[in-house]
Amino acid sequence: MIRNSFSDDTEALCYLVEGRDYALLIDSILGMGNLKAFCETQTDKPVILANTHAHSDHFGGNFFFDSCYMPHRNIGFFQNSINGVKKQQLIEMAKERARDEYRDLIQPDENFTDWFPMKVYPLYDGDVFDLGERKIEVIEVGGHTAGSVVLIDPLTRIAYSGDSCNGNTLLEFPNSLPIISSMRALLHLKENQNN
Ligand SMILES: [Zn+2]
């Protein structure tokens, strides 16, 4: 589990799951800190990046990577969200959020990058990431956003749920689905868990 520690003002989390051949980074938090460089301190495997959905506290660190996997229904929203966000804005946001002792350490360095169009591969319900002796399954659980996914590791029985089902599942965004659709999607997740 990876989170920013320079601030108390964020609950954004992401996860690095390692297999024999590849590591999978699930979400990329805020884009404050060079996440690719950090992952390389944790694994020597090639890192594949997958986003559970296209909200900026889940994809902000994407732009340190060459490509990402994104739920196919979120790709348009992702491309619209990244337009024009500049490194300097992110630095200012980080300084605002930072604890006092970290504020002066935040500089316009390689820990920040402009957001720019990147290579995006679509994720579909039923897809599987084969990391080598570890397979991560993709389940579409739309609701929080249309097309949000949950990633399942059957080996450890951990569900990386993004914002699809947590203690505060928000359904009021422009790209959220109605409650009934979210409930049907959660039943779809439950069916998969029963297999
Ligand atoms: Zn979200």
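**Overall architecture, sheets and core of the predicted model**

Buried residues make up 38% of the 195 residues in the protein. The structure described here is a predicted model, and the features below are best followed with the coordinates open alongside. The protein contains six helices and nine strands. Its radius of gyration is 17 Å, close to the 16 Å that the globule rule gives for 195 residues, so the protein is as compact as a globular protein of that length. Taken along the principal axes, the C-alpha atoms fill a box of roughly 50 × 40 × 30 Å. Contacts between positions far apart in sequence are well represented: among contacts with a separation of 6 or more, 61% link residues 24 or more positions apart.

The strand pairings can be taken from the N terminus onward. Strand 1, which spans residues 15–18, pairs with strand 2 in the antiparallel sense over four bridges. A hairpin through four residues joins strand 1 to strand 2, and within this pairing Val-17 has Leu-24 of strand 2 as its bridge partner. Strand 2 also pairs with strand 3; these strands run parallel and are joined by four bridges. Here the bridge partner of Leu-25 is Leu-49, in strand 3. The chain passes from strand 2 through helix 1 to strand 3, and this β-α-β crossover is right-handed.

The loop between strand 2 and helix 1 holds a pair of residues with noteworthy backbone angles. Asp-27 lies in this loop and has a positive phi of about 70°, although it is not a glycine. Ile-29 is found in the loop between strand 2 and helix 1 as well, with a positive phi of about 45°, and it is not a glycine either. Asp-27 has 27 other C-beta atoms within 10 Å and is therefore buried. Ile-29 has 22 C-beta neighbours inside 10 Å, so it counts as buried too.

Further along the chain, four strands form an open sheet in the order 6-7-8-9, with antiparallel pairing. Strand 6 (128–130) and strand 9 (158–160) stand at the edges, each with a single partner strand, so one side of each is left without a neighbour in the sheet. From one strand to the next, the twist averages 20°. Three bridges connect strand 8 and strand 9 in the antiparallel sense, and one residue pair to look for is Ile-152 with its bridge partner Ala-159, in strand 9.

What do the buried nonpolar side chains add to this picture? The largest nonpolar core has 42 residues, of which Leu-24, Leu-25, Ile-26, Ala-50 and Leu-151 touch the most other members. At least two residues of this core come from each of strand 2 (23–26), helix 1 (35–42), strand 3 (47–50), strand 4 (67–71), helix 4 (87–97), strand 7 (135–140) and strand 8 (149–153). Leu-24 and Leu-25 thus appear both in the core and in the bridge pairs, Leu-24 with Val-17 and Leu-25 with Leu-49.

The contacts of Leu-151 illustrate how distant parts of the sequence meet. Leaving aside residues up to four places away in sequence, Leu-151 touches Ile-26, Ala-50, Thr-52, Ile-136, Val-138 and Tyr-160. Among these partners, Ile-136 is found in strand 7. Ile-136 has 23 C-beta neighbours inside 10 Å and so counts as buried. Beyond its neighbours within four places in sequence, Ile-136 is in contact with Val-17, Leu-24, Val-128, Phe-129, Leu-131, Leu-151, Ile-152 and Asp-153. Ile-136 and Leu-49 are 87 residues apart in sequence, and their C-alpha atoms are 12 Å apart in space.

A further buried site is His-144, which lies in the loop between strand 7 and strand 8. His-144 has 26 C-beta neighbours inside 10 Å and therefore counts as buried. Not counting residues up to four places away in sequence, His-144 touches His-53, Asp-163, Ser-164, Thr-169, Leu-170, Leu-171 and Ser-176. For His-144 and His-53, a sequence separation of 91 residues goes with a C-alpha to C-alpha distance of 8.7 Å.

Notes:
Residues numbered from 1 in each chain as written. Predicted model: local features only at pLDDT ≥ 70, side-chain atom pairs only at ≥ 80, totals over all residues. Core = buried A, V, L, I, M, F, W, Y, C linked by C-beta atoms within 7 Å. Buried ≥ 20, exposed ≤ 12 C-beta atoms within 10 Å, placed from the backbone. Contact = placed C-beta atoms within 7 Å. Pairing = 2+ DSSP bridges. Axes fitted to C-alpha atoms, helices over the stretch in contact; angles between N-to-C directions. Right-handed = clockwise from strand over helix to strand, strands pointing away. Rg over C-alpha atoms; globule rule 2.2 N^0.38 Å.
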